[in-house]
Amino acid sequence: MSVVGVATAEPAGNRARRRKSRVTKSPKIVVGAAILAFFVFIAIFGPTLAPHSASWQASNSSAFAQPPSAKFWLGTDRQQHDILSQVLSGGRSTMVIAFVAGIVASILSILFGVTAGYMGGLVDDVLSIIANIFLALPGLLILMVVMKPLPAGDTDNPILIGSVIALTAWAYGARVLRAQTLALRDQDYVESARIIGERRPRIIVSEILPNLLPILASSFIFTVIYGIGIYVVLSILGIINPAQASWGTMIQNAQGASAMISNDWWWYAPPALCVALLGIGLALLNFGIDEIVNPRVRSRKGSRRGVRFQLGLTPVVRAARPHAPSSPDTAAPVLEGES
Amino acid sequence: MRAILRRLAFYVLAAWSAVTLNFFLPRMLPGSALQAVLSSIRSAPITPDELHALEAEYGSGGKGLMSQYATYISNLLHGDLGTSTSKSVPVTDVLGADLPWTIGLIGTATVIAFVLGTFLGVLAGWRRGGLLDTLLPVATFFQAIPYYILAFLLLMTMGYLWQWFPLAGGYDITRDSTVTPGWNTGFIGSVADHGVLPVLTIVLASIAGWIIGMRNVMITTMDEDYVLVAAAKGLPRWRVVWVAARNAILPSISSLALSVSLIVTGSIVTEIVFSYPGLGLAINNATLDADYPLMQGILLCVTFAVLAVNFLADIVYVILDPRARREA
C-alpha cells in the first residue's frame, strides 16, 4: 500500500538469509501467519473434524436454539444444527473463493499493470484507462446485479464465484504494479539485460517480476481480505445461496430468525468472529510484509529507549555503551533500515 | 487547465463505459431480462404503452440490440431511467428520495475519517515510535474486519446490548414518534442520533488507511532537505510540521479518489445492516424483488457519483500540486 523503494542488488544467498531472519523476527508476520495457518487447517480438515455434518439435526421436534453445553460446545441453532460443526465446515468455501479471487486478480493485475508499465505509450494509455474505469465501478453493486440471477448450481462453484469477484478487484493491484514497473524499467540491470539482447518476455519474467513480488504479495492479501468480505456479504444478503453451510449463510440464517432479539449470541457470534479474526490475521501479514519491504515505515517499541527518530537525521545506536548495552534487537532495524 | 480537460475526457469515456456496461449486463445474464422484469411486476396490469416501453428497454419486441441501445441512451439523456417494477414509480423518484441519505452518510463519515485520520497520521509520523505509533495496530484491526461484521458488532453492542443508539432507520418512525421531516430541531436531532452508528462504522473501517498512508508519507517527507531547512531556520515546531504535512498530504488526496468506490461499497453494506433509508438499502430490496430497472438505476447513479468525486479530487490535486499542471 505504500511506496516501496527499489530493491538493491545483493548476492542472492545473503539476501535470502537476511530476509528469513527478518520474517521470523517480525511478530506481525508470525502472528498473522499463525492465524492464517489455523484457518487453512480448518478449511482443509474442518469438515472431517466436525462432530456432525453441517446439515445434521439434533432433533426435529424442538424449535429452541440450545445454548452452548458439554454436548454441543457452541450450542445449536433453531433448526437444531450443531453450530460447532457448521463453523468447522463452513470455512472451506469462504477460503477457497477468497483465494481463487486473489489468484485470478493477481494474474489480471500482472497482465495489465506490468504490461502497461513496461510497454508505455499507447498500450499504457489504453490499459490504464481500462484499469481506471474498473477502479471507479462499485464492485459490490455490480456483483449484486450479476450474481442475483445465477442458477443455484453456479453459486456452488467456487472457481466461478471467485473469478467473478476477482473481475471487480484486480484494478488496484494493476495500478500499483504499473507504477512500480515504471520505476524498475529504467534501472541499470534491466537496461543491461535489454542491451545484451534479452527478449522482452524474459526481461519481464526474470528481471522485473521478482522485484515486484512484495507488492504482489501485498495486493494478493488485500484482494483475499476483500474477497472474504464480499463473499460473506453476498451470502448474508441472500444474493447467492450455496447449498453447503458457510459462515455467511450462518449469519443470514441467524438474522432471518432474529437471533439478536432472542439473544442467541452463540448462533451468530462464532461465524462473525471467524470472519473478523481471519481478516485481522491477513492484515497483520500484510503489514509485516510492508515493513520488511519498506523499513522506513517500521516502528519499534524499543526505539524510544535507545534511538530517537528525528528530522532528517539517521538515528544511530552506539555500539559500545558502558552501562546499557543495546540488545541486537534494537540495533538491527536501524542498521538495516539505512541501506 | 489542459490537465483538467484531459481528465475530463477520461471521465466522459468512463461514464460512457459505465452506461454501456449497465445496458449490456442484464442482457448477458442467463434468462430473459424482460421475463424477469415482467414476472416481478406487482402493480396493476400494465398498459400496452408500458409493455412497449419495457420491450424497447429489454429486448424482444423484434428490435435489434443497436436500436435498443439507442433507445436506452436517448431515454437516459432525457433523465428517464425507467419505472421501478416493485414500487411502480419512476426510478428517478426513488433515487431522489434515497440519494440524500446516502450522500449525507458517506459525506459525513468520509470527512470525519479523512480529517481525523490525516491529523493522527501527521502526529504518528512526527513522533515515530511514540505512543500513537504503537497503538496503530488497533486501528488496523477495524480495517481488516469486513464492513458487515463490523456494523453488525456495533449494532449488537452499542445498539442492542447497551442501547446507546437506535437500532435502525434514518429517523424516528416509531408509533409514538413526534418528529416530522423538515428543517426542525427534533428531526435533525433524530437524524443525528440515528446516524451515529452507521457513521461510526464507516469511520472505524476507513480511518486506519488514512492514518497509515499519512504517517508513511510523513516519515519520508521529513527526511527532505526543505524540512530540515525549515527546522534549521528556527521555525517553531508546529510550523515545521505544517511544512512537512502540507507536502505529505498529496498522496492522501489521490488515494481519496481511489478509495471512494470502496467506501461506497462499504456504506451500502452498512446501510443494509442499519436499515438506513439510502441507496444501499434500496438496492438490497431491489435485488430481493428482482427489480431490474431500479437495480440498474442505482448502479448507474452510484457509478456517476464515484466518477464525479474522482474528478473533484483530480481538480483539487491539480490546484495543489504544480507538478501535475506541468505534466500535461
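# Close-up views of a two-chain helical model

Helix α1(B) is the top contributor to the lining of the second largest cavity, giving four residues. Welcome to the views below, which all come from a predicted model.

**Figure 1. The second largest cavity and its lining.** The structure has two cavities of 30 Å³ or more, and this view turns to the second largest, which holds about 40 Å³ of space. Which residues line the second largest cavity? From chain A comes A:Leu137, and from chain B come B:Ala18, B:Leu21, B:Asn22, B:Leu25, B:Leu299, B:Leu300 and B:Thr303. By class, the lining has six nonpolar residues, two polar ones and no charged ones.

**Figure 2. Helices and domains around the second largest cavity.** Two helices of chain B, α1 (2-28) and α13 (292-320), each provide at least two residues of the lining. Why does the second largest cavity lie between domain 1 (2-77) and domain 2 (92-321) of chain B? Both domains give residues to its lining, so the cavity lies between them.

**Figure 3. Helix α11 of chain A and its cover.** Helix α11(A) spans residues 247-256, and its buried residues are A:Trp247, A:Gly248, A:Thr249, A:Met250, A:Ile251 and A:Ala254. What covers the buried residues of α11(A)? The cover includes four helices of chain A, namely α2 (27-49), α3 (83-119), α10 (200-236) and α12 (265-293). Chain B takes part too, since α8 (147-161) of chain B is included in that cover.

**Figure 4. A:Ser235 and its contacts.** This serine sits in helix α10 of chain A. Is A:Ser235 buried or exposed? Its relative accessibility is 0%, so A:Ser235 counts as buried. Setting aside neighbours within four places in sequence, A:Ser235 is in contact with A:Ile240, A:Ser246, A:Gly248, A:Thr249 and A:Gln252. Among these partners, A:Gly248 and A:Thr249 also appear in the list of buried residues of α11(A).

**Figure 5. B:Glu271 in helix α11 of chain B.** Look for B:Glu271 in the helix that covers residues 237-273 of chain B. With 0% relative accessibility, B:Glu271 is counted as buried, because the cut-off for that label is under 20%. Which residues does B:Glu271 touch, not counting those up to four places away in sequence? They are B:Thr102, B:Leu105, B:Tyr276, B:Gly278, B:Leu279, B:Gly280 and B:Leu281.

**Figure 6. Chain A as a setting for the close-ups.** Chain A contains 13 helices and zero strands. Of its 339 residues, 49% are buried. Among contacts in chain A with a separation of 6 or more, 71% join residues 24 or more positions apart. The chain exposes about 16,000 Å², and carbon and sulfur atoms supply 64% of that area.

**Figure 7. Chain B as a setting for the close-ups.** How many helices and strands does chain B have? The secondary structure comes to 14 helices and zero strands. Chain B has 328 residues, and buried residues make up 50% of them. For contacts in chain B with a separation of 6 or more, residues 24 or more positions apart account for 74%. The accessible surface of chain B is about 15,600 Å², with 67% belonging to carbon and sulfur atoms.

Terms used. Residues are numbered from 1 along each chain as its sequence is written. Chains are lettered from A and ligands numbered from 1 in the order in which they are written. This is a predicted model: local features need pLDDT of at least 70, side-chain atom pairs count only at pLDDT 80 or more; totals for chains, interfaces and linings use all residues. Side-chain values use heavy atoms; hydrogens and water are left out. On a 1 Å grid over the protein atoms alone, a cavity is a set of points where a 1.4 Å probe fits but cannot get out, and a pocket is an open set with protein on both sides within 12 Å along at least five of seven lines; lining residues have an atom within 4 Å of a point. Grid points are joined across faces, edges and corners, and a volume is the space filled by probe spheres set on the points. Ala, Val, Leu, Ile, Met, Phe, Trp, Tyr, Cys and Pro count as nonpolar, Asp, Glu, Lys and Arg as charged, and the others, Gly among them, as polar. Domain bounds come from an automatic or database domain assignment. Buried means under 20% relative accessible area, exposed over 50%, partly exposed in between (1.4 Å probe, protein chains only). Contact means heavy atoms within 4.5 Å. Accessible areas come from the Shrake-Rupley method with a 1.4 Å probe; for residues, only the protein chains shown count as cover.
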